[in-house]
Amino acid sequence: MPSFLLLSSLIFTPTLSSSSAAAAAAAVPIPFPIPLRRPLSVCPAYPFWGSRRGPGSICYAPSPPSSPRARALYSAGSMEDQAVSYLTQREAAEIDEILMGPLGFSVDQLMELAGLSVAAAIAEVYKSSEYRRVLAICGPGNNGGDGLVAARHLHHFGYEPFICYPKRTPKPLYNGLVTQLESLSISFISVDDLPQNLMENFDLIVDAMFGFSFHGQPRPPFDDLIQRLASISRVDCGPKKSSAIISVDIPSGWHVEEGDITGEGFEPDMLVSLTAPKLCAKKFVGPHHFLGGRFVPPSIISKYKLKLPQYPGTSMCVRIGKPPSVDIASLRENYISPELLEDQVLSHPVDQFHKWFDEAVAAGLREPNAMALSTSGHEGKPSSRMVLLKGADKQGFVWFTNYGSQKAKELSENPHASLLFYWNPLNRQVRVEGTVEKVSREESEIYFHSRPRGSQLGAIASKQSTTVIGRHVLHEAYKKLEEEYADGSLIPMPEYWGGYRLKPTKFEFWQGQPSRLHDRLQYSIRTVNGGEVWHIERLSP
């Protein structure tokens, strides 16, 4: 939040700083809480833009390298890869004055947005399961207030924050922030009670000591605290995870425009710039740089000729520069899940599928009916794509598509296919294999007319898998259809569109477990006494 306006003369110079649908539901028995269509591959985001306070960030990124040199090589020059404005100290102070003057923002509003942005950015990069204990070191000014707010939000995000707040500001706003934290039983730790090596007790350290209004040399106890952070940033822990440092707006002790001019400061792993990055951010070489402050109005953008990134969706933070490069081979997850035992699963695989599907819906997963459909033609070359399940019962699994598509062509040559459901947050996947046939035209008609009119028009406008010279061709075809059916008349289902049903012959239910000792239960059809039954057996992971 505004790290402007430092209120302590000890350290700062004060600155202002319908029916057919019912029939479709009967034919397509999976219940969905909302209409789900084509699955999207979306990166989680908490973007945000513009002024100096705000939440969140964008893509999940892995933990940074532990070696300072590795960290520098990891992202040096990332800021140069994206056009973004940098503010001088004077410009930053002027913008805060305008925000809190004619534009009507209050200090506590900006502080709340800033703290939320810092907390959301942290949550995007550092999982609470791995980086749980967080120390927020807060200074006496607005930058410290940002840290106090961030700590409160981190508590609600599932972290365990601790506060070091050595020079408290005796104003109602700050007293209120302290009271809020105390009401959550968040611990305050004095400087004397902190371990000399902060890595011993804390996974993350939030540097909220000084903002851009800081002048001069840090005084006790902040000078010593900065040196403790410097000792962390210089440690090479090898493969062992080290504590990560997150700086709010600028790294404390850095010159606002020149950066670490003494060479004795610390290098944060994450910098959450507020409003726009300050000039010193050009010297930041850590792997994670976020911008917070998605409330800068056009008047300020125009006046200061600011170049600021766009923020997707409702996000309040955005990553600046290139996402950090990672060693793909080092990415791994140790799954922690309940055991999947033979005597606990249902005897029929479709019933077991519905049980897991319902749990995926209850867990709030995005498009739990998204599934990878794999097909191959007469040449045996496999192809896969994501489609949406629209019905599942003991007769089979149903989806709809264009009968002129690649998958349709391959199914006409080889009517065998597989489905894969992957519910990552639950450490679960389900594989289904079987034979495929078209559903009746009546069933396809019922589903087609249950779709939004825009989706019906899109199915006609798109000759799926054929080549088009540009997106404008699709838009023009769609617009013509919109005009043709603008009177609300029934849109006829095209002959080349309809559904498929996969009749399962084999299922596998997979549950991730620690040390790669995953549970795999396979259902396959066996003939017993002249009848078909589902047989369950365990497969080695």
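Colleague: In which sense do strand S7 (residues 288-292) and S8 pair, parallel or antiparallel?

Modeller: This is a predicted model, in which local features need pLDDT of at least 70, side-chain atom pairs count only at pLDDT 80 or more, and totals for chains, interfaces and linings use all residues. Residues are numbered from 1 along each chain as its sequence is written, and side-chain values use heavy atoms, with hydrogens and water left out. Strands (E, at least two residues) and helices (H or I, at least four) are DSSP runs numbered from the N terminus, and two strands pair if DSSP finds at least two bridges between them. S7 and S8 have three bridges, and the sense of their pairing is antiparallel.

Colleague: Which residue of S8 is the bridge partner of Gly292?

Modeller: S7 covers residues 288-292, and strand S8 covers 317-319. In S8, the partner of Gly292 is Cys317.

Colleague: Which strands are the edge strands of the open sheet?

Modeller: Eight strands form this sheet in the order S3-S2-S1-S4-S5-S6-S7-S8, with mixed pairing. An edge strand here pairs on one side only, and that applies to strand S3 (187-188) and strand S8 (317-319).

Colleague: How many residues of strand S4 (residues 204-208) are buried?

Modeller: Buried means under 20% relative accessible area, against over 50% for exposed and partly exposed in between (1.4 Å probe, protein chains only). Both faces of S4 are covered, with Leu204, Val206 and Ala208 on one side and Ile205 and Asp207 on the other. S4 is largely enclosed by the rest of the structure, because the buried count is five of five.

Colleague: Which residue of S5 is the bridge partner of Leu204?

Modeller: S4 is joined to strand S1 (residues 133-138) by five parallel bridges, and in that pairing Val134 is matched with Leu204. S4 also pairs with strand S5 (residues 244-248), in the parallel sense over four bridges. In S5, the partner of Leu204 is Ala244.

Colleague: How are H5 and H6 oriented to each other?

Modeller: Two packed helices are described by the angle between their axes and the distance between the axes. Axes are lines fitted to C-alpha atoms, for helices over the stretch in contact, with angles from 0 to 180 degrees between N-to-C directions; under 35 degrees counts as roughly parallel, over 145 as roughly antiparallel, 65 to 115 as roughly perpendicular and the rest as oblique. The axes of helix H5 (residues 142-156) and helix H6 (residues 172-183) come within 10 Å and cross at roughly 20°. The two helices are therefore roughly parallel.

Colleague: How many residues of the contact of H5 with H6 are charged?

Modeller: Contact means heavy atoms within 4.5 Å. H5 contributes Asn142, Gly145, Leu148, Val149, Ala151 and Arg152, and H6 contributes Tyr174, Leu177, Gln180 and Leu181. Ala, Val, Leu, Ile, Met, Phe, Trp, Tyr, Cys and Pro count as nonpolar, Asp, Glu, Lys and Arg as charged, and the others, Gly among them, as polar. The contact divides into six nonpolar residues, three polar and, among the charged, one.

Colleague: How are H12 and H13 oriented to each other?

Modeller: Their axes come within 9 Å and cross at roughly 125°. Residues Gly454, Leu457, Gly458, Ile460 and Ala461 in H12 meet Leu474, Ala477, Tyr478, Leu481 and Glu482 in H13. From the angle, the helices are therefore oblique.

Colleague: What is the relative accessibility of Ala459?

Modeller: Ala459 lies in helix H12, where Gln456, Leu457, Ile460 and Ala461 are among the other buried residues. The cover over the buried residues of H12 includes S12, helix H11 (441-448), helix H13 (471-484) and S15. Beyond its neighbours within four places in sequence, Ala459 is in contact with Asn402, Phe448, Arg451, Pro494, Tyr496 and Trp497. Ala459 counts as buried because its relative accessibility is 10%.

Colleague: How many residues of strand S15 (residues 497-511) are buried?

Modeller: S15 runs antiparallel to strand S12 (residues 396-402), with six bridges, and to strand S14 (residues 428-438), with 11 bridges. It also pairs with strand S16 (residues 519-528) in the antiparallel sense over six bridges. S15 is mostly covered, and of its 15 residues the number buried is 12.

Colleague: Which residue of S15 is the bridge partner of Gln429?

Modeller: In the pairing of S12 with S15, Val398 is matched with Arg501. The pairing with S16 matches Gln511 with Asp519. For Gln429, the partner in S15 is Trp510.
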